[in-house]
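This report walks through selected features of one model, from its sheets to its internal spaces and a few backbone details. Please keep the sequence and the coordinates at hand while reading.

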Amino acid sequence: AVEDLTLNMYSGQVTALLGHNGAGKTTTIGMLTGMIPSTSGYALIAGQDIRTDMTQIRQNVGICLQHDCLFSLLTVKEHIQFYSMIKGVYDTKQNPTAHNSNTVHAEGAEEPSPEETVTRAMEDVALLDKQNTLSKNLSGGMKRKLSVAIAFVGNPSVVYLDEPTSGMDPFSRRFTWNVIQQYRANKIIVLTTHFMDEADILGDRIAIMAEGQLRCVGSSLFLKKSYGVGYQLTVEKLPSVAASSGTKPAIDLFTIDDDDANEETPQKSETSLSSQYNTVEDMLDGVILGTIPKGRVLSNVGTEISFQLPLESASKFQPMLSKLDEYVKRKEWIVNYGVSITTLDAVFLTVTRGEEGTSGSRRSLMGSSSNTPKSIEDSKAVINTAVSIKSGDQEVHDLILSEEDKPNSVDSGPIYASEETTGRIFQRHVQALLLKRALNFKRDKKAWFCSTIIPSLLSLLGFLTVRFGGPSRSFEQLVLSTDDLNPDVMPDVEVVRNPLLYNPSGGIFHCNPGLCMGNPSLFNIQVNETGENYNYCGFSGRILPLLESCDDSPYCGANCTITQTSDLMSVIDPLEKEGQSIWNGLSPQSLDPDTFSITKTSYDLFGSAKNFSGSQYGAILFTHDTKSQVDGVEEYFNGTINGTYSDGSILFCQYNTGDYRNDGNDYCDRAYRGVGYVINTNFTALHSSILFGALADQILLNNALQKNTENKDETETISITPILQPLPLTLREESYSAGQDQFLAWFVLIFSFPFITGSFGTFIVAERMNKAKHLQTVAGVEASAYWFSSYLWDIVNYQFPLWTVIVLMFVTGVDVFTTTDRGVFSGTLVSLVLFGPAAAGFTYLITFAFKSPSTCNFFVICFNFLIGLAGPLAVFILRIFQDDRLTNIAETMEWVLRFIPSFCLGKSLFFVINIESL
């Protein structure tokens, strides 16, 4: 972009750098400010080499970039204050009088205070009334004025103004010219512009570049003389003459008043002037080119004809113009004429087109030094790129050096007034950058909402949900009741809600139908040594046959007569008032009296289902009662008993003398007397066997109470309520349950903290894209100071949501993160505290891949959320299978993802909530 550039610039002068678009003006400034590295060559700025001393150079350089690089949320005054802090205006150690406006120097001039300096800077650019206006609300011209004011902040000795008046109206442009001229004293000002009049007025020396090369340099007058075409004479012909192709006009074409007709001298003069030429071109050639032979015709179009006259012919203008005046006065041939000197625009066009000047070759006028090359071509043999700027009144030394002759250190040139240490400058810049971030954060509601409010709010909602909305793993006791059966059926005289089937009195039933299923001999153990017989298939209350085999019979036992079931079921009152009934809509319904076995009962229950509005959920089948008779008992015992089931069962119990259960007569009496029943249930009812078993006991209990009470109406009914009490959770079950309950809290943290990381990158990308970082770098801010201040600010800003979330953990009682068992809280605290610094640095690396702040913010948030959520879950699931191959995959994922802070945070907190189960 820039090649073979050799140029001197001097203090107290404005050097205007002109050139077409792409000529290399901005690139040259970029190299001088260190933003673009030069491939070869060097430049000296006040004795400092841009290759080795750029840090020192930037401390005394101001720049107004081609485009406005402003902070949209800072005011005009805050912009000036910020760059004043960077330049050390507020530094009391560098400027002892910075806060003492009454200090008077030896010369008698009072040193202004920093605030006065800031106010004066705003006054100089007419922005004092806008000092509290945000830069985003300024007009385009006001933004350029602010950029110019920033360039002169800190009184730098070198100022670069890259098209400072672009976009300004004529009034603002001329106002800015006055500002530049006001600040030019003791400064090297480099000005680039596309306005030739601006360069002509402001430029003490004008350098014109084309195609990356310097074509010429010198004062405006010198360039006009060297590359200009002298003067330009434009003559306006009479319309009639132009229409007649330049022939001599007829006399009647003119209107002559009476006074002119009476004057003989003008008439004679007219005749003498007109008689010499046939056309207007002949006349002008004779008058103009006859007087100035070196002139030439530039154009002859319509009624205008233009001549180019050399500068050295100015002494011959008087007689030539006198003759033209005569023609104008006589209104012959011409109407009017005008003379103008060559403009800078013409010089610029001539140079950029590559045309030669009056000396026959393109000139490079670099100054008065005898060591300076005479032309651009002469410098090619010396060095590819060399720009030298000398400050003050120092003598211009040999500036064009070969790489072999370049000294290691440059001692020439004045040193800067500031002798601050690097550490002091670093500290000053960090303070200014932190103040800038604080002011921006104060006004950027989106930033603090994204980085502070959203994480805290999401965490609060998640913790409250865990604390009050989590499912209970400790089950409550389950109360069983027939009232839960058939809830849609309303009981009535003719409507049965919950039918309770039973076998009526008058029939027979198997005495012991539930003794054993299958071969009874399989359940008897005989011990030959002792003669004992152990039977473990239920209570061994069999009555006939006692010792006979019944392998081929589906039932091995006696049949009992049923005599008391109808009386037993009479205690149930299905029409009791609601709230006073213990039977909950039960209605006793008898089966076929011929029902005598379990198998026959199953068929009868299936057939009776269609008789009721509600479903049949249970039946009570009485096998024997206290008055049941057993056939064959008298013959078996030779008539010693009356044949009742109670007496027979006692005898058979006493007969088993070797049975371990034989404990005398009381045992047999207690074991085999009473009422026997079998419960049939519908498995669709919840815990129906327990429910109807308790219901049968409730029937027997209330029947016994009525028998022992003379007044049955006053008998108090007793209900038996079956209750299922769940077993308590084991420690392992409790740990898994706690992990499931706290998963939401973990998810909320993993979802909310990426919003903080998004704010880390947004401001960085925004400053880089609007060139604010570029401007700060040129103003002298080191990259270390910039990144350190950004890192420090982000860490400090991270503390607000961090400690808010930690406090919310304790307030809402999220014990899974706050318990001190196994060091859980310490691990949680360390993970959260270290996440911010790690995420900030990682986000800075990501920002270099983006040009849009919003896109960067969105990507960082989504990326950290997905990695923080999916990474730990994937690793955890792979480890659950306890497969070596899957475990190796999990370990590989951990090694790769551990460089991403969000994964480390997600994994650490996930293991915290599952610490008991892992």
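The text below takes up two sheets, a hairpin, some single residues, and then a cavity and a pocket.

The model is a predicted one, in which local features need pLDDT of at least 70 and side-chain atom pairs count only at pLDDT 80 or more, while totals for chains, interfaces and linings use all residues. Residues are numbered from 1 along each chain as its sequence is written, and side-chain values use heavy atoms, with hydrogens and water left out.

## The six-stranded sheet

Helices (H or I, at least four residues) and strands (E, at least two) are DSSP runs numbered from the N terminus, and two strands pair if DSSP finds at least two bridges between them. An open sheet of 6 strands runs in the order S5-S6-S7-S2-S8-S9 with mixed pairing. Its edge strands are S5 and S9 (213-218), each of which pairs on one side only. On average, and with direction ignored, neighbouring strands of this sheet are turned by 15° against each other; axes are lines fitted to C-alpha atoms, for helices over the stretch in contact, and angles run from 0 to 180 degrees between N-to-C directions.

Strand S8 (residues 205-210) pairs with S9 in the antiparallel sense over 5 bridges, and Met209 stands opposite Leu214 in S9. Helix H5 packs on the sheet, where it touches S5 and S6 (contact means heavy atoms within 4.5 Å), and its direction makes about 170° with that of S5. Helix H1 (residues 25-32) lies across S2 (13-19), S5, S6 (158-162), S7 (188-192) and S8, and runs at about 150° to S6.

## The four-stranded sheet

A further open sheet has 4 strands in the order S21-S16-S22-S23, again with mixed pairing. Because S21 and S23 (676-681) stand at the edges with a single partner strand each, one side of each is left without a neighbour in the sheet. The twist from one strand to the next averages 25°. Strand S16 (residues 498-502) and S21 pair in the parallel sense over 5 bridges, with Pro499 opposite Ser587 in S21. Helix H23 (residues 688-707) lies across S16, S21, S22 (618-624) and S23, running at about 145° to S23.

## A hairpin and single residues

Strands S3 and S4 (residues 48-49) pair in the antiparallel sense over 2 bridges, and Leu44 stands opposite Asp49 in S4. In a regular strand the side chains alternate between the two faces of the sheet. From S3 (residues 42-45), Tyr42 and Leu44 point one way and Ala43 and Ile45 the other way, and all are buried; buried means under 20% relative accessible area, exposed over 50%, and partly exposed in between, with a 1.4 Å probe and protein chains only.

Most residues other than glycine have a negative phi. The residues in the table have a positive one.

| Residue | Phi | Place |
|---|---|---|
| Ala46 | near 55° | hairpin of S3 and S4, 2 residues between the strands |
| Ala126 | near 60° | loop between H4 (114-124) and H5 |
| Asn486 | near 50° | loop between S15 (478-479) and S16 |

Ala126 counts as partly exposed at 37% relative accessibility, whereas Asn486, at 9%, counts as buried. Trp583, found in the loop between H18 (565-569) and S21 (586-590), is buried with a relative accessible area of 0%. Trp583 and Thr482 are 101 residues apart in sequence and 7.6 Å apart in space, C-alpha to C-alpha.

## Cavity and pocket

On a 1 Å grid over the protein atoms alone, a cavity is a set of points where a 1.4 Å probe fits but cannot get out, and a pocket is an open set with protein on both sides within 12 Å along at least five of seven lines; lining residues have an atom within 4 Å of a point. Grid points are joined across faces, edges and corners, and a volume is the space filled by probe spheres set on the points.

By this rule there are 7 cavities of 30 Å³ or more. The second largest cavity has a volume of about 60 Å³, and its lining includes Val61, Tyr83, Lys87 and Leu775. Strand S5 (61-64) and helix H5 (140-151) each supply at least two of its lining residues, with the largest share, 3 residues, coming from S5.

The second largest pocket holds about 540 Å³ of space. Of the 25 residues that line this pocket, Asn440, Asp444, Ala447, Thr762 and Phe763 are the closest to its centre. The largest share of the pocket lining, 6 residues, comes from H24.
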